[in-house]
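Please read these points with the model open beside you, as each one is meant to be checked against it.

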Amino acid sequence: MKTTRRSVLLLAGALALSACSSTSDFFLGKDNRPAPKPLPAASGGAGATLLWKHKLGSGGADEGLALKPATWGGRIYAVSANGRLYAYNSDGSTAWQQKLGNNISAGVAVDRRNVYLGTSNGDLLALSAADGETEWRAPLSSLMLAAPVVADGLVFARSIDGVLTAFDAANGSELWRYRIKEPVLSVRGNAEPVVGGGVVILTTDNGYFVVLDQRSGLPVVEQRIASSAGSNPVARLVDMDSTPQVGDGILYGAAYQSMLFAVDLQKGQPLWQQEQVSTQKDIALSRDGVYLVSDIDHVIALNRRDGSIRWKNDRLEGRYLSPPFTLPDGRVGVIDYQGWLHWLDGASGDLIGQQRLASSTADVPALVLRDSIVWQLKDGNLINFRPE
């Protein structure tokens, strides 16, 4: 079962864990993140234009939530931790809003029919994408922290007790459940499942890669891909809370304090493992690169082919960076704790531009649209900007 941060801290104290590593210090209530470096100068003029900004409500940072927006049919849907759901048109005007009467633990996903999100009392909630009226509510085995995933008329919800449940998106009827083998001790959070091609792909907090049949929930592949040989339970954590990314039949993922890896989905076998870097944040892909932000805010690029390190940039160290995102023109973007958007050259790692767009960082990836980028920030603001 997932353990809250408070419970983890109590457990860590009871185990009298050594404070010799940065990970152990974190679980003992200490923050070993380096002090933020001063804002560095950028060598280029890449920038962005802020198109619109909305305050949604409670951002969820104090509750350890990572809420993110979704889009369908030209509308953008976003929810606050205190249960305010919004639908915005592409120009930023409000199409509708609803006060849900529930605090929120995860969200959102959307299809042509409904908006889906998780409530703090452990329900999966479906609301009409047209007007926000409740369509159905289904109980989960416990609350969910990862956003639901909707595909092919099904909704998949991963709850923190290790259960993945599939529902009929039209009426909320439960179709199947699969119980993930969870470790006793883990970091708060879950990776979203990856759905497509008739299968559901999971990465688990005990280092396994699991492939399920989408319609039946039966396992097709179950294989360990990450492990740790630390001297205590905290040092042996290999949580995979970073949602995997898929490109050209290859799944790319990250294991906390362990590695990044690539899995050939056709063969169901690991393609490579890179044990010199790791991350808890979501990663990003470009045509030839895998990009991540380390736990001390170094931005790192790997080759997709073999996982070798292409470059590291430490100029933003300690600045509480967001997960990275990529653009087709080769740029990589991150936002820091002061709301500065930083552009890096995907080929070299050089800082090529920066602009202050907000006053907070983000815990979730940006939503990259055709002409603009939408980001839900830790302080509860939703911003939309156009790369320049």
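The points below take up one strand, its partners and a pocket.

1. This is a predicted model, in which local features need pLDDT of at least 70 and side-chain atom pairs count only at pLDDT 80 or more, while totals for chains, interfaces and linings use all residues. Residues are numbered from 1 along each chain as its sequence is written, and side-chain values use heavy atoms, with hydrogens and water left out.

2. Strand 19 (residues 250–255) is largely enclosed by the rest of the structure, because six of its six residues are buried (under 20% relative accessible area, with a 1.4 Å probe and protein chains only; strands are DSSP runs of E, at least two residues, numbered from the N terminus). Ile 250, Tyr 252 and Ala 254 point one way, whereas Leu 251, Gly 253 and Ala 255 point the other way.

3. Strand 18 (residues 245–247) runs antiparallel to strand 19 and is joined to it by three bridges, where pairing requires that DSSP finds at least two bridges between two strands. Val 246 stands opposite Leu 251, and in the hairpin of these strands, with two residues between them, Asp 248 takes a positive phi near 55°.

4. Strand 19 also pairs with strand 20 (residues 259–264), in the antiparallel sense and over six bridges, and here Ala 255 of strand 19 stands opposite Met 259 of strand 20.

5. Which residues lie nearest the centre of the second largest pocket? They are Lys 68, Glu 192, Gln 245, Ala 366 and Leu 367, out of 31 that line this pocket (on a 1 Å grid over the protein atoms alone, an open set of points with protein on both sides within 12 Å along at least five of seven lines, lining residues having an atom within 4 Å of a point). Strand 18 is one of the elements that give two or more residues to this lining.

Conventions:
Buried means under 20% relative accessible area, exposed over 50%, partly exposed in between (1.4 Å probe, protein chains only). Helices (H or I, at least four residues) and strands (E, at least two) are DSSP runs, numbered from the N terminus. On a 1 Å grid over the protein atoms alone, a cavity is a set of points where a 1.4 Å probe fits but cannot get out, and a pocket is an open set with protein on both sides within 12 Å along at least five of seven lines; lining residues have an atom within 4 Å of a point.
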